[in-house]
Amino acid sequence: MGARAPIADWVTIADLHTDPFPIFGRLRAEGGVHWVPAVGRYLVTSYAAVRETAIDQDTYSANEEGSLHVRAMGHSMLGRDDPEHHLERTAWQPALRPGAVQRIWTATFQRNADKCFDRLVAAGPGADLVQEFAAPYAAENLREIIGLHNASQQDLQRWAQTMTDAAGADADDPVVRAAGRRSFDEVDAALDELLPWHAAHPNQSLLSTLLRLPGYSMPVERIRANVKMTIGAGLTEPRDAIGVTAWALLTHPEQRAASASDPSLWHAAFEEAIRWVAPVGMYPRQVTRDTVLAGVELPAGAKLGICVLSANRDETVWPDAAAFDLRREVEPHLAFGKGVHTCLGAWVARAEVADIALPMLFGRLDGLRVEGEAQMRGWVSRGMTALPVGWSRVAEPAPASTRVEPVSDAAPRIAIVGSGPAGSFSAQALRRTFPAAEIDVIDELPTPYGLVRYGVAADHQGMKSVTRQFDRLFTAEGVRFHGNVRIGADVPLSVLRQRFDAVVIATGMHADPLLPVPGGDLDGVHGAGRITRLLNTHPDETDLVSLGTDVVVVGHGNVAMDIVRLLARDGEGLSGSDVSDTALAALAGDVRTLHVVGRSAVPHAKFDPVLVREIAGLPGIRHVVHGLDELPATGRDARVDAVHALAAASVAPGAERITVEWRFGLTPAAVLGDESVEGMEFEAGRGSRVTIPATGVITAIGFGTDPGALVDPGTYPDGRAEPGLYVAGWLRRGPRGSIPDQRLDARALARLIADDIAAGRIVPGRAPGWAPTRGEVDFDGWRRIDLRERLGSAPDREREKLPTRAEQLETARDQGIVLPQPDGSGLSDFAAEGRFTILFGTESGGAEFVASELRDALGPAADVRVHDLAGIAPGDLDVTRTHLLVCSTYGDGEVPTLARPFHQALAAGGVDLTGLAYAVFGMGDRSYAKTYSRGSELLDEALAARGAERFGEYGRHDAGGAMCARDAAVEWLQGVLADLAVRA
């Protein structure tokens with residue numbers, strides 16, 4: 001039960017129009033859901049509540065009774081729920097997909113920007129940037145996209161404004177309503193004239209594409225309504241985004257300068273601006289059943305105002321949320337919506353604003369400045385109503401250029417302490433940013449790569465193949481490696497800082513925290529970190545132990561899943577790994593039962609469903625899932641589906657090699673035993689307890705601070721301890737985040753150091769750099785170790801690691817080991833020799849865009865084919881080619897609509913794909929915790945069921961994350977190519 005809604009009778013519409021943000025701040029502080037008499041709605045203002053309404057269309061319907069929007073523009077897809085909404089959305093989107101934006105509309109936008117820029121310049125200093133540039137530019141772009149050739153951009157501006165006004169707070173004003181009706185009728189008349197023409201003259205416009213869709217004919221009334229909706233949203237939103245972003249940059253000169261010097265920041269400026277002032281401030285929803293939202297009771301039929309303008313300034317999501325800061329750590333704003341109603345025009349807006357308008361305005365108008373009084377109004381929609389500007393000079397257009405990473409001419413001396421993924425990705429990002437820098441990577445071990453070598457599961461060689469990327473840092477890009485050097489002991493940190501302009505600490509976290517229950521320190525309790533290091537032959541883990549017959553694994557995270565998989569695998573499943581057979585035999589030789597126990601219920605468990613399905617695919621295992629009958633049916637939760645897959649894969653009692661028992665919702669209470677482990681006791685709720693006999697316990701409950709750590713983890717969340725001293729990886733963020741997450745952190749770190757140099761907080765050139773240290777191992781020394789390990793391994797093993805520091809050091813110094821010349825060809829040369837098929841399944845075009853970017857990244861010399869899953873059958877796949885699958889997720893965890901026939905054909909069987917190798921890049925929204933990348937996972941499962949084999953890292957992109965899809969996909973591709981190179 002919830003509380004009655006508080007009544008905000010102090011809110012006035014006039015105040016909302018003038019400045020809604022103080023009002024919204026108070027409403028959020030008072031709970032986030034209020035009845036507001038002046039508006040006649042419950043206003044939903046907190047981020048969490050707005051997001052909840054967006055992803056639950058069953059409870060919060062877009063199909064509002066008595067909608068002013070429907071009265072003013074007709075019943076468009078914005079006012080419909082699935083399945084009707086989905087049908088119309090699918091028909092509307094082909095002309096707006098990123099492939100169409102890239103191939104067709106970007107050139108149109110550039111041409112229109114040139115015309116509108118000339119118009120602004122002709123108006124002279126003091127001209128209104130909104131009226132002379134942003135509005136006509138957005139209107140002309142939209143006119144051509146829709147195909148409204150019998151209307152002018154002035155017509156579209158008038159139609160958009162009058163129909164929007166007729167759906168707003170003044171809708172009952174006779175003058176406003178009459179003006180809106182005239183525009184309504186004019187749009188209908190224009191369409192009546194144009195639709196037959198488009199049917200007879202096929203072209204690339206939205207209308208023409210719509211009329212040529214196979215198997216679907218949209219009724220004319222719905223075409224009219226959706227065109228009016230598109231005019232309203234597709235004109236005002238980019239117009240307001242241009243105005244607000246320009247105003248933000250003009251009033252924040254430091255951020256403007258950063259954008260001008262780093263073109264990649266135009267997109268960051270655009271995204272931050274529409275977070276800061278969302279063009280769509282409020283939209284309606286209606287409650288379909290009695291419910292509770294943010295602790296407030298809402299009756300069935302209640303009308304809501306979903307306040308995106310407020311949610312995007314929620315202080316619980318963004319520190320200093322009221323500030324414009326394009327450097328802020330990105331969180332998923334709601335300006336483009338969420339859920340099934342995510343904005344179809346997002347790709348168009350990004351292209352016309354961030355790719356073209358902003359670089360043109362700030363690149364060609366030297367001295368651009370606000371000249372006069374800027375004005376902003378509105379709360380249902382909000383934007384600049386006046387932005388008078390001046391300038392000192394008009395520059396010629398810059399020549400077209402290709403996408404490049406921003407680089408600096410500075411040549412700082414940078415030391416990175418730690419060569420694991422955080423350190424190596426940092427070196428990679430810093431080398432790209434500072435091509436002339438001297439970069440030295442230091443590690444206490446004689447071998448590089450830290451967590452990748454000793455912490456990644458020994459049977460996941462695809463993840464470990466990222467080291468091939470790192471190798472090039474040391475063999476071809478001038479980064480130096482210094483192994484067997486302890487910072488703090490061999491070289492004090494203070495001395496290191498004196499010798500370098502910047503020092504990055506990236507030593508990670510390795511300690512296994514003690515299980516905080518009675519008996520947690522008994523003999524036989526082992527941390528997952530220690531077990532992983534034993535299986536990876538870490539030189540500091542030498543005491544082998546037996547786990548006995550019955551082992552309890554505490555935790556349901558990915559580390560726990562890795563432990564379970566390694567202990568449960570048969571010998572054949574370890575082929576190609578670098579596992580220590582000696583350690584594995586000692587640890588798991590007697591194991592007959594694994595009890596995998598966690599405190600969360602299945603939907604909230606921390607494991608990656610892909611890892612659980614990998615365990616389900618292991619042969620000879622009897623899986624016992626306690627509470628299986630209480631789980632919901634499959635299909636709406638990837639974790640629940642994965643646990644059902646365990647039960648479905650279980651062998652019959654008596655036929656098992658090993659039994660794995662899965663228990664959820666249990667909290668550790670005690671480890672039982674006098675001197676060593678005899679069992680574990682768990683709290684099961686309501687005072688009950690569960691006791692599990694055990695001979696060994698493995699705790700996979702995270703990682704703690706290492707003794708003697710140079711900095712305390714999480715102390716400096718922005719990565720800067722002070723100018724010149726930085727932290728990366730888990731030392732920055734604490735023990736969370738995967739290896740791929742380190743790529744993003746590394747880019748942010750490189751920008752941070754570049755900012756400190758640009759601001760004069762670091763002055764390169766004064767520090768002398770690295771001084772040779774007794775006993776250090778250089779990269780050639782590591783290459784000797786690497787060669788000996790590979791040559792000394794069994795035929796079915798990747799390598800046999802040297803088990804002690806003494807053996808590693810002796811090998812590193814053995815000049816009798818002849819090293820081959822480093823492979824300087826790089827992954828791009830390897831790609832040129834490959835044969836690739838890129839398959840994409842898309843709903844709104846994101847996966848199609850990524851597929852085209854991957855094609856470009858593979859290079860013109862590669863043999864690359866790109867196929868939409870909508871146009872190919874499983875039997876058409878060529879098993880001799882390497883396949884890259886890129887797939888988004890629709891709605892509540894479904895395969896994209898047009899890819900479903902392909903998925904259904906796989907599920908039906910009848911095709912053998914044995915021998916087909918594929919890698920997967922899943923796209924989704926991490927805020928949908930249950931179904932984040934479920935669309936790609938469903939295809940992955942279906943391909944595996946037909947005999948195909950997945951390889952490499954399972955790539956993912958979070959639509960609400962900081963890294964753009966293109967960059968995340970290309971980074972993933974580098975890892976995939978590295979894995980292929982190792983396989984070859």
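A residue counts as buried under 20% relative accessible area, as exposed over 50%, and as partly exposed in between (1.4 Å probe, protein chains only). The model is predicted, so local features need pLDDT of at least 70 and side-chain atom pairs pLDDT 80 or more, while totals for chains, interfaces and linings use all residues. Residues are numbered from 1 along each chain as its sequence is written, and side-chain values use heavy atoms, without hydrogens and water.

**Exercise 1. Describe the burial and the N-terminal cap of helix α24.**

Step 1: find the element. Helices (H or I, at least four residues) and strands (E, at least two) are DSSP runs, numbered from the N terminus; α24 spans residues 609-616.

Step 2: check the burial. Seven of the eight residues of α24 are buried, namely Pro609, Val610, Leu611, Val612, Arg613, Ile615 and Ala616.

Step 3: look at the start of the helix. Asp608 caps the N-terminal end, with a side-chain oxygen 2.9 Å from the backbone nitrogen of Val610.

**Exercise 2. Work out which strands pair with β22, and how its two faces are covered.**

Step 1: set the criterion. Two strands pair if DSSP finds at least two bridges between them.

Step 2: apply it. Strand β20 (residues 593-597) runs parallel to β22 and is joined to it by five bridges, with His595 partnered by Glu661. Strand β21 (residues 621-625) also pairs with β22 in the parallel sense, over five bridges, and here Arg622 stands opposite Thr659.

Step 3: sort the side chains. In a regular strand they alternate between the two faces of the sheet. In β22, Ile658, Val660 and Trp662 lie on one side, Thr659, Glu661 and Arg663 on the other, and all are buried.

**Exercise 3. Characterise the hairpin of β24 and β25.**

Step 1: count the bridges. Strands β24 (residues 679-685) and β25 (residues 688-693) are antiparallel and share six bridges; Glu681 stands opposite Thr691.

Step 2: inspect the turn. Two residues lie between the strands, and Arg686 takes a positive phi near 55 degrees.

**Exercise 4. Survey the cavities and what lines them.**

Step 1: define the search. On a 1 Å grid over the protein atoms alone, a cavity is a set of points where a 1.4 Å probe fits but cannot get out, and lining residues have an atom within 4 Å of a point. Grid points are joined across faces, edges and corners, and a volume is the space filled by probe spheres set on the points.

Step 2: count. There are five cavities of 30 Å³ or more.

Step 3: take the largest, with about 70 Å³ of space. It has 13 lining residues, and those closest to its centre are Val727, Ala728, Arg732, Asp745 and Leu749. Helix α27 gives the most to this lining, five residues.

Step 4: take the second largest, with about 60 Å³. Its lining includes Gly462, Met463, Ile739 and Glu953, and α27 again supplies the largest share, with three residues.

**Exercise 5. Establish how many disulfides there are, and examine Cys307.**

Step 1: use the cut-off. A disulfide is a pair of cysteine sulfur atoms within 2.5 Å, and the search of the whole structure finds zero.

Step 2: check Cys307. The nearest cysteine sulfur, that of Cys343, is 18 Å away. Cys307 is buried, with a relative accessible area of 0%.

Conventions:
On a 1 Å grid over the protein atoms alone, a cavity is a set of points where a 1.4 Å probe fits but cannot get out, and a pocket is an open set with protein on both sides within 12 Å along at least five of seven lines; lining residues have an atom within 4 Å of a point. A polar contact is a pair of N or O atoms within 3.5 Å; within protein, one must be able to donate a hydrogen and the other to accept it, and residues adjacent in sequence count only if both atoms are side-chain atoms.
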